[in-house]
Each structure stands twice: as structure tokens, then as C-alpha cells.
Amino acid sequence: MVGQVGPGTLELTEVHRFPNVPVRLPDGLRWDVLGLYRGVLDGLRAASRSGAVDSVGVDAWAVDHGLLDADGALLGAPYHYRDGRTDGVAEKVGERVGGAAELYRTTGLQHLPFNTVFQLASAAGTAQLASARTMLLIPDLIAYWLTGTVGAEETNASTTGLFDVRAGRWSEELTARLGIAPGLLPPLRAPGDPAGTLLPHVAAETGLPEGTPVTTVASHDTASAVVAVPATGPDTAFVSCGTWSLAGLELPGPVLTEEARAANFTNERGVDGTVRFLRNVMGLWLWEECRRTWEGRGYAVDLPSLLEEAVRERPFISLIDPDAPEFLAPGDMPERIAEFCRRTGQPVPGSPAAVLRCVLESLALAHRRTLRRAAALAGRDVRRIHLVGGGARNAPLCQWTADATGLPVTAGPVEATALGNVLVQARAAGLVGDLASVRRLVARTQPLRHYEPRGDGSAWDRAAARVEPSPRNC
């Protein structure tokens, strides 16, 4: 994405798109990170043809990482967080650090079985980890290949389970207890810090000038998306909706109570020292896996037509808990949804449109449950929800989120992550001001849609009572 930023101007242009397809190897599910890096170089070449480029910023997803040896070479393709090698590891880590409650008091992190700390623990005793000298999260790895400089951006570092959320640094106590070599974790960088300049061979390959700066952005994609949430006050909540639905609040500091831990809320670093107090809800991954399964069987799936059909389906016939563990791994999602319905005594959705209605209503209920709990735990009143990301295109999901919560929903921007990335670069260059002015610029320049609650809220209350979150080890 190429962004243009100026007084009253905020524009994005997509110049290149490439697939991100994991690879199943004999030892597990891996990311094709070299293919991704090739896509990045091709994108930078396309950007260079579109005009002058003043800065480059890299964001990606959290927790996954590459390991470098003493020469700075990558030790194998990074594992995918949906790989099963971390099953059961969290309990062992908890024993070593004094329990899950102690881990939460330091990191404030939601229990997810694939957090970086558990991935590293699962690699204990392997030749790969023994040879490793540096761990780089995916966006930091891409920035390293572009610039040759090593660092760890703090919004993404805060998702690892190795970051002290109150002190804003790596936790030396945790790394010592877990036997992680102190030098494995690189120096921290804040959004807006310089990350280096393009290496000569990168500049030559992409057509960009030598010395083009790479600026540290909020490299966790959700942190970048929250930068571009056009909120105007503290009485708002956000849902960054794509593969995952990240639902929560932006706060000045972490909430580290036992109640927050038991509710499995996370405290992740945001721009300017803010905290994203949220829960990961399994998002549109559920639908994407359904579509992938059907298309693999030769059935064409037209989402706009299916959405129209889904709206005509009877409401609340079948509901699922999106966070049930059986929905995490890739696989036959329609059958998993059917099995959940059979197990809970509900009708099995009989068509793709009925499956889609089930997924979207269940996500709206999960948004309701998560945001109400977040507000209660943080002592905040919420009067509006901002839904950003790809889910903002999904009108039924936006409307049903408003209906389920009883709160107005502002949908957009769709490309919130790319906008947040560009805006942090622009702020580092002095083109925009503080976070509030950045968000006012988003609100003035980006297309937004507004949804007011409709219908009988008691129907959603009854539906919510039918779906209790699945028990999980916290």
C-alpha cells in the first residue's frame, strides 16, 4: 500500500497483492516467509514506479518469529501459530514461573496456546533453538532483511508473553526462569523510531533510492489498526475484525486484576504507551475456512449473494461459541460447526447461507459478550463501537453487532491497519500531530458507515443465554 498524507489528505493506493499460504512440512505447519519477502520486494518495486517514496513501514501479525544464528542467517521457516506443537506446553511454563496468575501479573497477556513464550518452550532442547542467537518477530524479520538492523518493536513484543507490560521492557525475571538466553531478545523500538535504511542490494532490486528510511511503525497489525480508529473520546470500544476479531478498549494503563485474568483479557502495548485491553475472538476465519472447504470440493462461493440469502434465513436457529477450541486449526469447518450444533442439541445448518448466518450471529454475540466484559473490568462506559478492518465491509455483521450490543456501530475504515502504518510514518516525519489529530484526519477523509440498533433487543438477550463460552485453561 502506498499512502499520501498531508493537511486534510489521507489516501491509500494498493500497488501490489500476493498470497500468504502456509506450508505443511513433515515437522509441522510453517510460514513460507521467503515467499512473503519476495512479495514485499515486488511490492516495493511497484511502489517505486508509482512515485517518490519517503519512508517504508512494516506491520504483520503477532507471536510468530524467526530464529537467526550467530551470522544472522535464518534457521528454518518460522512455525505457524496454528501448528499443534504447543499443545499442553502452557501448563509446563506455568509451573516454571509460579503459576498462570504470576505470569499474568507480569505480562498481562491473554492465555492463548500459541503465544511466543509457549512456542519457545516447545522448542527447548532442539538443535534449532540451541543454535539461535536472535529471535525476530515476523515484521522485525522483514525489517531486518530490508535494512540489516536488528530490533523488536514494542507493540508486537508485548504479545510474546516475555514483556513486562507495566515496565515496558523485556522481563528479565521471566526469561531467567524459563532459561531463555538474555541475548535472544533484541533491543526494543517504539513506533516512530528509525529502523534503518534500505540496504544497497534492496534499493537496487526495488528501484527505490539508496538511503530510503524504514520507520518503525506499530508493527502488530492490530496496534496499527487501532491508530486509525476514528474515535473521538474515551467512551468508545473497538473491534478490529478480520481473521480474528480483536474486541476491546484503548486504556492509559493495564488492567491486571484476577478478574481480568480469569476473563482471559489481554493487555497489549499501543502507540504512545497506551494499552489495548482486549480479547481475541475467533473472527471471520470461521467463514473463510468454510469457503475454502467448499471451494476445495468444487463448489463456487459468491459471498455477496450468500449474504443476501443469509439475511433472509430465520434468526438464531443455530449458534456456536466462536472460541471453542475445535475451531482453531485449519480443516473442515462446516463439519465442525455441524458437530458443535449436534452436540449442543441445535439444528445443523442446512445450507451455506444458513452456515453464514450462524457464523455472523455468533460473532455478533461474541462481540457483545467481550465488549460488555471489557467495559465492566475497566470501569468504563461504552457508548459507541468502532468496527474496523475487512469485517467493516460486511453489512449484516455490522448491523447485528449493533443490534446485539444495543450500541451504535461506526464501520470503517476497512484498511485500518495500512492507514495506521502510514500515519505513524507521517507523524515521525512531522506531517501530522498527536493521536487525537491523527484520528480526526481519519474521520474527515475516510468513508464510514453508521449502524443504529434495530429491533427487539430481548431476542438477542435470549440468544446470548444459549451460548456460553467454552471452558478453557486460563
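This is a short walk through two helices, two cavities and a few single residues of the structure above.

Some ground rules before I start. What you see is a predicted model, where local features need pLDDT of at least 70, side-chain atom pairs count only at pLDDT 80 or more, and totals for chains, interfaces and linings use all residues. Residues are numbered from 1 along each chain as its sequence is written, and side-chain values use heavy atoms, with hydrogens and water left out.

Okay, helix α2 to begin with, residues 89–97. When I say helix or strand, I mean DSSP runs numbered from the N terminus: H or I for helices, at least four residues, and E for strands, at least two. So which residues of α2 are buried? They are Val-89, Ala-90, Val-93, Gly-94 and Val-97. They sit on the same side of α2, because they cover an arc of only 135° around the axis, the arc being that of the directions from the helix axis to the C-beta atoms. Buried here is under 20% relative accessible area, exposed is over 50%, and partly exposed is in between, with a 1.4 Å probe and protein chains only. Turn to the face away from that buried side and you find the exposed residues Lys-92 and Glu-95.

What do the buried residues of α2 pack against? That would be α3 (100–107), α4 (116–122) and α8 (172–178). And just after α2, Gly-98 takes a positive phi of about 95°.

Let me zoom in on Val-89 in that helix. At 9% relative accessibility, Val-89 counts as buried. Not counting residues up to four places away in sequence, Val-89 touches Phe-118, Ala-121 and Ser-122, where contact means heavy atoms within 4.5 Å. Val-89 and Phe-114 are 25 residues apart along the chain, and their C-alpha atoms are separated by 9.2 Å.

Next, the empty space. Rolling a probe the size of a water molecule over the atoms shows where such space is left. A cavity here is a set of points, on a 1 Å grid over the protein atoms alone, where a 1.4 Å probe fits but cannot get out; lining residues have an atom within 4 Å of a point. Grid points are joined across faces, edges and corners, and a volume is the space filled by probe spheres set on the points.

How many cavities of 30 Å³ or more turn up in the whole structure? Two. The largest has a volume of about 90 Å³. It has 13 lining residues, and the closest to its centre are Val-58, Asp-140, Ala-143, Thr-216 and Val-217. Two elements, α6 (138–147) and β12 (213–215), give two or more residues to that lining, and the largest share, three residues, comes from α6. By class, the lining has six nonpolar, four polar and three charged residues. For the classes, Ala, Val, Leu, Ile, Met, Phe, Trp, Tyr, Cys and Pro are nonpolar, Asp, Glu, Lys and Arg are charged, and the others, Gly among them, are polar.

The second largest cavity comes in at about 30 Å³. Its lining residues include Ala-223, Glu-250, Thr-274, Leu-435 and Arg-439. Here the elements giving two or more residues are α10 and α18, with the largest share, three residues, from α10. The class split is five nonpolar, two polar and three charged.

That brings me to α18 itself, residues 435–445. Leu-435 and Arg-439 are buried in this helix, along with Ser-437, Val-438, Leu-441 and Val-442. Among the elements covering those buried residues are β1 (2–6), β2 (9–13), α10 (221–227), β14 (244–251) and α17 (416–428).

Now two threonines. Thr-410 lies in strand β18, residues 409–411, and counts as buried at 2% relative accessibility. Its side chain makes polar contacts with two other side chains: Arg-384 at 2.9 Å and His-450 at 3.1 Å. A polar contact is a pair of N or O atoms within 3.5 Å; within protein, one must be able to donate a hydrogen and the other to accept it, and residues adjacent in sequence count only if both atoms are side-chain atoms.

The other one, Thr-293, is in helix α12, residues 285–296. Thr-293 is buried at 11% relative accessibility, and its side chain reaches the backbone oxygen of Glu-289 at 2.9 Å. Leaving aside neighbours within four places in sequence, Thr-293 is in contact with Gly-331, Asp-332, Met-333 and Pro-334.

Last stop: is Gly-350 buried or exposed? Exposed, with a relative accessible area of 77%. Gly-350 is found in the loop between α14 (333–343) and α15 (352–378).

Definitions and conventions: 1 Å grid on protein atoms, 1.4 Å probe; cavity = no way out; pocket = protein on both sides within 12 Å on 5 of 7 lines; lining within 4 Å.
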